[in-house]
Amino acid sequence: QVLTQTGVKTAIEKAVDREKIITEALYGYGTAINSPIPPGLIPDLTLPEVAAQDLEGANSVLEKNGWTMKEDGFRTKTIDKKETTLRFSIATSDTPELKKTAELIRDDLSHVGILVDIKVYDTGTLNQEIIRKRDYDALLFGKVVSQESDLFAFWHSSQRNDPGLNVSGYVNKTIDTILEKNARDNDTAARTQRYASFINEINNDKPAVFLFAPSFIYARDIELGGLAPMTMGISSERFSNIEEWYIAKERLWPLFIKNQNNN
């Protein structure tokens, strides 16, 4: 399995153009990320910077790891005495933004000699037949992380089998310990420090390549006040401060309106 090799995962991370994905798949409404923790979830946590696409660096990593470019433009390597093509499939949903993202990733990786096949499924089939059975090489899918407990569900090793949500099958005792301690500890500073280690640990192992956090766009009446920018995991969270919304209007008692009319 080529995706178990850290060098391949590093090359994929370098080759993907996140800004292009945001521009072409999300029409600019998103933020590039390189972290399992989305922006704003842990207020005092400094997230790692997102590097620009680096095709030269990706090619260099693959060469150093023994992947040789062939005449057809794709790479191979001898593994267990067998010539193996650097190839894998991406399973994703038939939503427009995910299909477009998969196509852009495929095109980016082709520039460094990685052959990608795209498998598109309706949401029901993807959830029940592909994700639940862990039947994929790579999965392009969105995770809704709106509260800290979601991190446990997505990354603790106990959640790697269905119905758990650790869809990468990631197992790391250090990560398990961090998540377990943070679930019990109310010390904000200590928990934030552990989450910084959590990010470093995952980014070193690379069980996933993080792409973007989408923006939620919705319209409002121009007279509606009390709204403020916020971090949301799902669109319905925009109503979380609905008790603070207002519309400024001048209101008069009917008695005063009557007197004004008489005058």
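# Exercises on a predicted model

K206 counts as buried, at 13% relative accessibility (buried is under 20% relative accessible area, exposed over 50%, partly exposed in between, with a 1.4 Å probe and protein chains only). The model is predicted, so local features need pLDDT of at least 70 and side-chain atom pairs count only at pLDDT 80 or more, while totals for chains, interfaces and linings use all residues. Residues are numbered from 1 along each chain as its sequence is written, and side-chain values use heavy atoms, with hydrogens and water left out.

## The chain as a whole

**Task.** State how many helices and strands the chain has, and what share of its residues is buried.

**Solution.** Begin with the secondary structure: the chain has nine helices and ten strands (DSSP runs numbered from the N terminus, helices being H or I of at least four residues and strands E of at least two). Next, take burial: 35% of the 263 residues count as buried. Turn to the surface: about 15800 Å² is exposed by the chain, and 49% of that is supplied by carbon and sulfur atoms (Shrake-Rupley method, 1.4 Å probe; for residues, only the protein chains shown count as cover). Finish with contacts (heavy atoms within 4.5 Å): among those with a separation of 6 or more, 62% are between residues 24 or more positions apart.

## Salt bridges

**Task.** Find which residue forms a salt bridge with E13, and where the two residues lie.

**Solution.** The structure contains ten salt bridges (a side-chain nitrogen of Lys or Arg within 4 Å of a carboxyl oxygen of Asp or Glu). One of them joins the side chains of E13 and K206, at 2.8 Å from N to O. This pair links distant parts of the chain, 193 residues apart: E13 is in helix α1 (residues 6-15), and K206 is in the loop between α8 (188-205) and β8. Now check burial: E13 has a relative accessible area of 15%, so it is buried.

**Task.** Decide whether E83 and K70, which meet in a salt bridge, are buried, partly exposed or exposed.

**Solution.** Their side chains meet at 3.5 Å, N to O. The pair links distant parts of the chain, with E83 in strand β4 and K70 in the loop between β2 and β3, 13 residues apart. E83 has a relative accessible area of 53% and is therefore exposed. K70, at 36%, counts as partly exposed.

**Task.** Do the same for the pair R194 and D185.

**Solution.** A salt bridge of 3.1 Å, N to O, joins the side chains of R194 and D185. R194 is partly exposed because its relative accessibility is 21%. D185 is partly exposed as well, at 22%.

## An open sheet

**Task.** Give the order of the strands in the open sheet that includes β3, and name its edge strands.

**Solution.** The sheet has three strands in the order β2-β3-β4, with antiparallel pairing (two strands pair if DSSP finds at least two bridges between them). The edge strands, β2 (68-69) and β4 (82-85), each pair on one side only. Look at one pairing: β3 (residues 75-79) is joined to β4 by four bridges, and the two run antiparallel. Opposite T76 stands T85 in β4.

## Strand β5 and S89

**Task.** Explain why β5 is described as largely enclosed, and place S89 within its surroundings.

**Solution.** Six of the seven residues of β5 are buried, and therefore the strand is largely enclosed by the rest of the structure. Its pairing with strand β6 (residues 115-121) is parallel and has seven bridges. In this pairing T92 stands opposite V120 in β6. S89 belongs to β5, which spans residues 87-93. With a relative accessible area of 6%, S89 is buried. Neighbours within four places in sequence aside, S89 is in contact with D117, K119, D137 and A138. With D137, the side chain of S89 makes a polar contact of 3.0 Å, side chain to side chain (a pair of N or O atoms within 3.5 Å; within protein, one must be able to donate a hydrogen and the other to accept it, and residues adjacent in sequence count only if both atoms are side-chain atoms).

## Helix α3 and V61

**Task.** Determine how far apart V61 and G7 are in sequence and in space.

**Solution.** V61 is in helix α3, residues 55-64. V61 and G7 are 54 residues apart in sequence, and their C-alpha atoms are 6.2 Å apart. Leaving out neighbours within four places in sequence, V61 is in contact with G7, T10, A11 and K14. V61 is buried, at 16% relative accessible area.
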